[in-house]
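Student: Got a minute to go through a model with me? I'd like to talk about a sheet and some cavities.

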Amino acid sequence: MRDDVDSVDARLAARLAELRTEHGWSLEELAERTGLSRSTLSRTERAETSPTASLLNRLCAVYGRTMSRLLSEVEAEPALLVRAAEQPVWEDQPAGFVRRSVSPPHAGLRGELVEGRLAAGADIAYDRPPVPGLEQHVWVLDGALEITAQDVAHHLATGDCLRMRVWGPTRFRCAGPADVRYALAVVLP
């Protein structure tokens, strides 16, 4: 599986470099727009480092894409039926986050379905939505999850669902003691 992950990281790095070029931005301009360092962006575009969820979120925000849409751009054309074994998985190991694209984005469709897993103690903060006004439905399948949106903390247990439009920073936190697994339905505005 490591070769598949390495291959996705390499294609992702190439796509990120393409997007910057398509926008006509230098690394310095992109650094100013994202608040990320020029060296971090350069290493990411050369696939010298695997991007974190937070870093990808910042890049998606300036490119006007959801994370799933960006990841789908580095994969083959999605099929109508996505078998469990073929669902793309992306990991941010240092953050304790695993993301499975259950129903990847597709041209002409506004929604997608994602399975997220956070390890006990994982805490991921996004400084902005990838697309302002993004609609999200978070359904906890196993465990407990704390989501902070618009400065309000929501505590979700197994079976609970939070519906929201994302306009500003959000935070997904698994206080533990067990990992949390959740379904995330994402709908473009």
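Tutor: Let's take the sheet, then the cavities. Keep in mind that this is a predicted model.

Student: What's the strand order in the open sheet of four strands?

Tutor: The order is β4-β9-β6-β7, and the pairing is antiparallel.

Student: Which strands stand at the edges?

Tutor: β4 (123-126) and β7 (152-156). Each has a single partner strand, so one side of each is left without a neighbour in the sheet.

Student: And what does the twist average from one strand to the next?

Tutor: The average is 15°.

Student: How many bridges join β6 and β9?

Tutor: Four bridges, in the antiparallel sense. β6 covers residues 145-149, and β9 covers residues 170-173.

Student: Which residue in β9 does Glu-146 stand opposite?

Tutor: Arg-173.

Student: Switching topic. How many cavities of 30 Å³ or more turn up in the whole structure?

Tutor: Three. The largest has a volume of about 290 Å³.

Student: What lies nearest the centre of the largest cavity?

Tutor: Met-67, Arg-99, Tyr-126, Gln-136 and Leu-184. They belong to a lining of 21 residues.

Student: Which elements each supply at least two residues of that lining?

Tutor: One helix is α5 (67-72). The strands are β2 (97-103), β3 (111-118), β5 (134-142), β9 and β10 (180-187). So β9 has a place in both topics: β9 pairs with β6 in the sheet, and β9 supplies part of the lining of the largest cavity.

Student: How do the lining residues divide by nonpolar, polar and charged?

Tutor: 12 are nonpolar, six are polar and three are charged.

Note on methods. Residues numbered from 1 in each chain as written. Predicted model: local features only at pLDDT ≥ 70, side-chain atom pairs only at ≥ 80, totals over all residues. Heavy atoms only, no water. Pairing = 2+ DSSP bridges. Axes fitted to C-alpha atoms, helices over the stretch in contact; angles between N-to-C directions. 1 Å grid on protein atoms, 1.4 Å probe; cavity = no way out; pocket = protein on both sides within 12 Å on 5 of 7 lines; lining within 4 Å. Points joined across faces, edges and corners; volume = space filled by probe spheres on them. Nonpolar A, V, L, I, M, F, W, Y, C, P; charged D, E, K, R; others polar.
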